[in-house]
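Biologist: Please take a single part of this model and go through it closely. I would like its surroundings described as well, and then its place in the whole.

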Amino acid sequence: MSAEATQAEWTRHFDETRARLRGGAGAGLADPAQLAGLNGLQQMQAMLEGRLPYPHIADTMDFALVEVGEGRAVFQGLPQLKHYNPLGSVHGGWYATLLDSALGCAVHTTLPAGRGYTTAELGVNIVRAASHKSGPLRAIGTVLHAGRQLATAEARIVGADGKLYAHATTTCLVFEAPAR
């Protein structure tokens, strides 16, 4: 598929996903009762289907979860002028937030019911400048190791043309989820 066709497909999929998320539970925090008995993958699938709320950061940073599977999470974002730093390029925090989301959610898909995680370490490498003209970018997170106390994952941000924009790794601390 050409880069233009891929970009059109990504845009269509993103628009459909955002409409489903906003038309479903919307932005917010899930009630603990909604999460009871669901493993991490089931929670992520319920969010993607609009049955559980998605986090507000997705609206702030203009990205969304678009795919999820066991040990895998894909986020799509569109860098915009509001994401620029004073030097006139996309702020490194935008890349880091998109990557951290893909990494963390990939880890989340491997957790049994009643377990949570937090990012303990995040390493980001930006290898290509993105701009508001770059089109949609996808962060693809994949779990490398999912243990009882630690999990590691890697992610890449790619364009519809397959070009790499950034990559990252994470170490997450896994723990018993506290009741909210």
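Modeller: What follows is a close look at helix α5, and then at its surroundings. The model is predicted, so some limits apply: local features need pLDDT of at least 70 and side-chain atom pairs count only at pLDDT 80 or more, while totals for chains, interfaces and linings use all residues. Residues are numbered from 1 along each chain as its sequence is written, and side-chain values use heavy atoms, with hydrogens and water left out.

I begin with the helix itself. Helices here are DSSP runs of H or I with at least four residues, strands are runs of E with at least two, and both are numbered from the N terminus. Helix α5 covers residues 92-108. Its 17 residues should span 24 Å at 1.5 Å a residue, and the C-alpha atoms at its ends are 24 Å apart, which agrees; the expected span is 1.5 Å times one less than the number of residues. Of those 17 residues, 13 are buried, so the helix is mostly covered. Buried means under 20% relative accessible area, exposed means over 50%, and partly exposed lies in between, with a 1.4 Å probe and protein chains only.

The helix also matters for the count of the largest nonpolar core: with nine residues, α5 gives the most to it. That core has 43 residues, and those with the most contacts inside it are L65, F75, Y95, L98, L99 and I157. A nonpolar core is a set of buried Ala, Val, Leu, Ile, Met, Phe, Trp, Tyr and Cys residues joined through side-chain atoms within 4.5 Å. In soluble globular proteins, nonpolar side chains tend to be buried together.

One residue of the helix can be followed in detail. L98 lies in α5 and is buried, because its relative accessible area is 0%. Leaving aside neighbours within four places in sequence, L98 is in contact with F63, F75, G77, A139 and I157, where contact means heavy atoms within 4.5 Å. By contrast with these partners, P178 is no contact on that list; the C-alpha atoms of L98 and P178 are separated by 25 Å, at 80 residues apart along the chain.

Next comes A139, one of the partners of L98. A139 sits in strand β4, residues 137-146, and is buried, with a relative accessible area of 0%. Not counting residues up to four places away in sequence, A139 touches L98, L99 and A102, along with A73, V74, F75, R156 and I157. A139 and W10 are 129 residues apart in sequence, yet 12 Å apart in space from C-alpha to C-alpha.

Helix α3 (residues 40-48) is another element to consider here, being mostly covered with seven of its nine residues buried. Those seven are G40, L41, Q43, M44, A46, M47 and L48, and they pack against α5 as well as α1 (3-23), α2 (32-35) and β1 (63-69).

Y117 belongs to strand β3, residues 115-126. At 24% relative accessibility, Y117 counts as partly exposed. Apart from neighbours within four places in sequence, the contacts of Y117 include G104, C105, V107 and H108, and also C172. G93, by its C-alpha atom, is 21 Å from that of Y117, at 24 residues apart along the chain.

Two of those contacts of Y117 are cysteines, C105 and C172. A search of the whole structure finds zero disulfides, a disulfide being a pair of cysteine sulfur atoms within 2.5 Å. C105 is in no disulfide, and its nearest cysteine sulfur, that of C172, is 9.9 Å away. C172 likewise is in no disulfide. C105 counts as buried at 11% relative accessibility, and C172 counts as buried at 0%.

Finally, the whole. The protein comes to five helices and six strands, in the order α-α-α-α-β-β-α-β-β-β-β along the sequence. Buried residues make up 42% of its 180 residues. Among contacts between residues at least 6 apart in sequence, 67% join residues at least 24 apart.
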